[in-house]
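This briefing is meant for someone meeting the structure for the first time. Please look over the sequence and the model below before reading on.

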Amino acid sequence: MTRLSQSVATIMIVGLTGFIAACQQANNTGSSAGNNIDACKLVSADQASSILGTKITVRAIDTSAAGPDAASMCNYAGDSIGSGFMLIAAHIGYSDAAATVASQKKEESSHLPPGIPHPTFSDIKGLGDAAYLYETPGSFQLHVLAHGNAIVINRNTAASADAVEQARQIAQVALQRLK
């Protein structure tokens with residue numbers, strides 16, 4: 001595994017860890033609200049290909065070892081690194097989207113391994129109940145809370161205006177299926 005691949009994998013794992021921890025805190029039970037969402041069914045390969053302008057193939061990521069409440073994960077692979085994305089989805093049953101986002105940001109900032117730069121956060125208006133961008137050098141995640149659910153779109157590319165707009169469009173498609 002190259003150094004870049006290791007960094008990307010570490011960032012993805014850190015983001016997922018923060019996502020799951022915030023989900024558990026969101027409903028104050030210590031566990032998630034149960035997950036019956038299939039991340040691969042939220043956005044079709046054709047929809048993703050149309051938004052990203054490249055052929056996308058879809059593959060579920062097995063999260064069964066994490067238990068029945070684990071977030072669902074799906075890889076949307078393009079022709080090269082940065083051309084696709086990973087979609088993570090879970091039902092979390094939050095009652096206060098703003099408090100859940102604050103908890104998520106705190107969790108994601110506090111568990112970074114040595115040598116991994118601290119992320120920057122930017123709130124995104126007009127998407128779901130609450131949304132924010134989590135950026136590190138060379139990658140970003142768009143986190144969205146809507147309808148009692150949380151989704152994360154992870155992209156291994158810099159957070160350019162075009163890349164963020166593509167993630168926003170992907171989130172909008174996913175949110176339509178979560179209603």
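What follows covers strand pairing, one serine and its surroundings, and the salt bridges.

The model is a predicted one, and every value quoted here is computed from it. Strand S2, which spans residues 72–77, pairs with strand S1 and also with strand S3. A search of the whole structure finds two salt bridges, and one of them joins a strand to a helix.

**Strand pairing**

- Strand S1, covering residues 57–61, runs antiparallel to strand S2, and the two are joined by five bridges.
- Along this pairing, Ile-61 has Met-73 of strand S2 standing opposite.
- Strand S2 is also paired with strand S3, made up of residues 85–91, and here again the sense is antiparallel and the bridges number five.
- Within this second pairing, Asn-75 has Met-86 of strand S3 as its bridge partner.

**Ser-72 and its surroundings**

- Ser-72 belongs to strand S2, and with a relative accessible area of 12% this serine counts as buried, because the cut-off for that class is under 20%.
- A polar atom of the Ser-72 side chain lies 3.4 Å from the backbone oxygen of Ile-37.

**The salt bridge between Asp-123 and Lys-105**

- The side chains of Asp-123 and Lys-105 meet in a salt bridge, with a distance of 2.7 Å from N to O.
- Because Asp-123 lies in strand S4 (residues 120–123) while Lys-105 lies in helix H3 (residues 97–110), the pair ties together parts that are 18 residues apart in sequence.
- The two partners fall into separate accessibility classes: Asp-123 is partly exposed, with a relative accessible area of 48%, whereas Lys-105 is buried, with a relative accessibility of 18%.

**The salt bridge between Glu-165 and Arg-168**

- What distance, N to O, is found where the side chains of Glu-165 and Arg-168 meet in a salt bridge? The distance for this pair is 4.0 Å.
- Both residues lie in helix H4, which spans residues 161–178, and because they are three residues apart there, about one helical turn separates Glu-165 from Arg-168.
- Glu-165 is partly exposed, with a relative accessible area of 36%, and Arg-168 is likewise partly exposed, with a value of 21%.
- As general background, side chains of opposite charge can pair when their charged atoms come close.

Conventions:
Residues numbered from 1 in each chain as written. Predicted model: local features only at pLDDT ≥ 70, side-chain atom pairs only at ≥ 80, totals over all residues. Heavy atoms only, no water. Pairing = 2+ DSSP bridges. Helix = DSSP H or I, 4+ residues; strand = E, 2+ residues; numbered from the N terminus. Buried < 20%, exposed > 50% of the residue type's maximum accessible area, 1.4 Å probe, protein only. Polar contact = N/O pair within 3.5 Å; in protein donor to acceptor, adjacent residues only side chain to side chain.
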